Amino acid sequence: MSVEKMQFQAETKRLLDLVVNSIYTNKEIFLRELISNASDALDKLRIESLTNTELAQDEEPEIFVIPDIDTKTITISDNGIGMTRDEVISNIGTIAKSGTKDFLDKLRESTAAAAQELIGQFGVGFYSAFIVADKVELITRKADTDSAVKWTSDGAGEYELEDCDKDSHGTIIVLHLKPEFTTDNEYNFLDRYEIERLVKKYSDFVRYPIKMNFEVRDNADAEPTIEIRTVNSMKPLWTRSKSEITREEYDEFFKQQLHEWEPPQEIFHVKAEGTVEYTALLCIPKHAAQNLYYSDYEAGLQLYSRHVFIMDKCKDFLPDYLRFVKGLVDSPDLPLNISRELLQQSVEVKVIGRALEKNILKQLGKLLHDERDKYEEFWREFGKSLKIGVYNSMFDKKTQDGLKDLLLFQTSRDGKFSTLAEYVERMPESQKKIYCAAGKDAASIERLPQMELLRERGLEVIYMTDPVDEFTIDILRTYAEKEFQSITRENFELDDAESQKVKAEVDEIAKSHEDLLKDIKDAIGDNVKEVRLTSQLKSSAVCLVTGEGGPSLTMEKTFAAMNNPMFKATQILELNPNHAVFKKLENLHALGKDNSEFEDLCTTLYSLALLIEGVMPADPVELANKVTALLTR
Ligand code: ADP
């Protein structure tokens, strides 16, 4: 086949521009990225060859890094799995991850420093080649096939593909260095001792030999001979004792092992020698992955047995809510050729998983206690995961108990994060329940009509601003034996003596206005279950509350957004009997039947109550007309 010219997918090209021109200030990292890819390709070949005898590994796995002064190139080659033509197109020509567009939009708006963090979450491995090269050639042959393909690009929007020859499987990447990287001014990537230093710095733990050629002379006059040396130590970090490992070494390890851009926030290095022996080296990244809550996010830990890599993304260790935890488990008690199916049933995996989960929650608890700022940073990134953990543990009291003390919420006190324990601690003696309110953000909750009285009484309200919050609290039901009480539910009332007194008065008024309330309900129709008076409003005329048990209005919105419009909240309209509007309703009502002004006022009040809750009335134009009419009457 002749040379075929192809275009990068549009997003890929944009990303490439960003990578090359603005983001990576650290030019060296291209080497780490390409060596990681080579190492992954060797892993894949070894794993495949366990089940596919055709693939039985014929040669020792190795990675070669060859700087060449004559051609001003660096070549990185591996004898790993290689790629087919189609794989080259889809792996190297496109970025097929969800959230790409969002990501690019965010990137464009962010500052250089923030951009670095963002790109790290995304990972652009191979493209980092274009930081140092103005032309990249990739020659690859997939194991178990005969044909090889050569991909060439200058990173400017197009690439070429052509068939070519290659003796054996694997991938060769040739970087034609930009002139500025071939002199001794700043970087000289043609200097093999410089490259050796970089390999040691970034890729020492790679578990395959990274080899380089060195010229050696027996004495100054002798002809040089070429000696091949393995540059990396290959000793897995996790086999060393914790006290010997520096934070920098851990950071470097996670970056290279997990293709992370930035050092992790928290590290867990656990060794156990009980019924099951294992070592785990886990981390919590600084930032949540773009697609953490999308179905294409691949959670899971790497699995090793006796330091030999077995599989990636093993989901059976940790519960789904800990999907953000990354790292590896190495256990001699797991066989080398274990399949994913067997793994699911493995008792050892369950034992290890439970211990790890406990360990992680314990360490998070410690962080919350000892380093509140750091915990809040963690919470901003991953709090949602823990809340989902509670939500998914309906019948699992143990998980709920493990998680409930780790939850943070903003409250009406000062907008700062608070644990449930801290909230309960501050509750006045007379307050029996934990008050909470849902809304799209703190500001919209603060404006709820129900908040006025609470504010006046100095009562604190937990803000539920994440759609998952209400579901989480519904599952918990109580904390420290105190019930949660949404202030926008029908059964909400304040417990103190004064409130109870006011309530008794309002109940009296309600008794003498039963007809009025019934006629208001009839005017509004079946959208509301009931119309009643409330003692919880101060200056507002109306509010909408929802029935106990069923979904709330915010839940209804969440369901609707997920295309589940069947879940409807039961609405109850509450009126403030001390408001002028109530007087007006009374007066109009007294005029007798078929009074359209009365009906318009009722339906308009209902529409306004919806608006307060952030719900668009069914017919906004009709509402506008009625309000205009009322204004000019
Ligand atoms: P990532 O490694 O984060 O997936 P990259 O851009 O580095 O992203 O690589 C994209 C894909 O190209 C890899 O997932 C892999 O499938 C393929 N690839 C890259 N380098 C190699 C290689 N040396 N051998 C085989 N496949 C490779």
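Biologist: Let's start with α3. What covers its buried residues?

Modeller: The cover over the buried residues of α3 includes β1 (4–7), β4, β5 and β6 (158–164). Bear in mind that this is a predicted model.

Biologist: Which residues of α3 are buried?

Modeller: They are R85, V88 and I92. To read a helix like this, check where such residues point around the axis. Here they span an arc of only 65°, which places them on the same side of α3.

Biologist: Now the ligand. Which residues surround it?

Modeller: The general idea is to list the residues with a heavy atom within 4 Å of the ligand. Here that shell is N37, A41, K44, D78, M83, N91, I92, G125, F126 and T171. Sorted by class, four are nonpolar, four polar and two charged.

Biologist: Which polar atoms of the protein lie by the ligand's nitrogen and oxygen atoms?

Modeller: Look for N or O pairs within 3.5 Å. In this pocket, an N or O atom in the D78 side chain sits 3.0 Å from a nitrogen atom of the ligand. N91 also uses its side chain, with a polar atom 3.1 Å from a ligand oxygen. With F126 the backbone does the job: one of its polar atoms is 2.9 Å from an oxygen atom of the ligand.

Biologist: How much of the ligand does the protein cover?

Modeller: Taken on its own, the ligand has 530 Å² of accessible area, and the protein covers 80% of that. The elements giving two or more residues to the shell are α2 (29–51) and α3 (85–92). α2 gives the most, with three residues.

Biologist: Let's try a helix further along. Which residues of α18 are buried, and which are exposed?

Modeller: Sort by relative accessible area first: under 20% is buried and over 50% is exposed. In α18 (residues 514–524), the buried ones are L516, L517, I520, K521 and I524. Their arc around the axis is only 135°, so they sit on the same side of α18. Over on the other side, E514 and D515 are exposed.

Biologist: What do the buried residues of α18 pack against?

Modeller: Their partners are α17 (497–512), β21 (528–533), β23 (571–575), α20 (580–590) and α21 (596–612). Right after the helix comes G525, with a positive phi near 95°.

Biologist: Why would I look twice at a positive phi outside glycine?

Modeller: Because most residues other than glycine have a negative phi. Two cases are worth a look here. D144 has a positive phi near 75°, and its place is the loop between β4 (133–141) and β5 (148–153). R477 has a positive phi too, near 65°, and it lies in the loop between α16 (467–476) and β19 (478–479).

Biologist: Is R477 buried or exposed?

Modeller: Exposed, because its relative accessibility is 61% and the cut-off for that label is over 50%. N578 gets the label as well, since its relative accessible area is 64%. That residue belongs to the loop between β23 and α20. Its C-alpha is 43 Å from that of L386, and 192 residues separate them in sequence.

Biologist: And Q571 in strand β23: buried or exposed?

Modeller: Buried, because its relative accessibility is 10%. For a residue like that, ask what it touches. Leaving out residues up to four places away in sequence, the neighbours of Q571 are N527, V528, K529, E530, L544, V545, L553, Y606 and L610. With Y606 there is also a polar contact between the side chains, at 2.5 Å.

Biologist: Which residues does Q485 touch?

Modeller: Q485 is in strand β20 (residues 482–486) and counts as buried because its relative accessibility is 4%. Again skipping residues up to four places away in sequence, it touches K433, I434, Y435, C436, N491 and F492.

Biologist: One last stop, helix α14 (residues 442–446), where S444 is found. What does the side chain of S444 reach?

Modeller: It reaches the backbone nitrogen of K440, at 3.5 Å. For a sense of distance, S444 and S331 are 51 Å apart in space, C-alpha to C-alpha, and 113 residues apart in sequence.

Key: Residues are numbered from 1 along each chain as its sequence is written. This is a predicted model: local features need pLDDT of at least 70, side-chain atom pairs count only at pLDDT 80 or more; totals for chains, interfaces and linings use all residues. Side-chain values use heavy atoms; hydrogens and water are left out. A polar contact is a pair of N or O atoms within 3.5 Å; within protein, one must be able to donate a hydrogen and the other to accept it, and residues adjacent in sequence count only if both atoms are side-chain atoms. Accessible areas come from the Shrake-Rupley method with a 1.4 Å probe; for residues, only the protein chains shown count as cover. Helices (H or I, at least four residues) and strands (E, at least two) are DSSP runs, numbered from the N terminus. Ala, Val, Leu, Ile, Met, Phe, Trp, Tyr, Cys and Pro count as nonpolar, Asp, Glu, Lys and Arg as charged, and the others, Gly among them, as polar. Buried means under 20% relative accessible area, exposed over 50%, partly exposed in between (1.4 Å probe, protein chains only). The arc is that of the directions from the helix axis to the C-beta atoms. Contact means heavy atoms within 4.5 Å.
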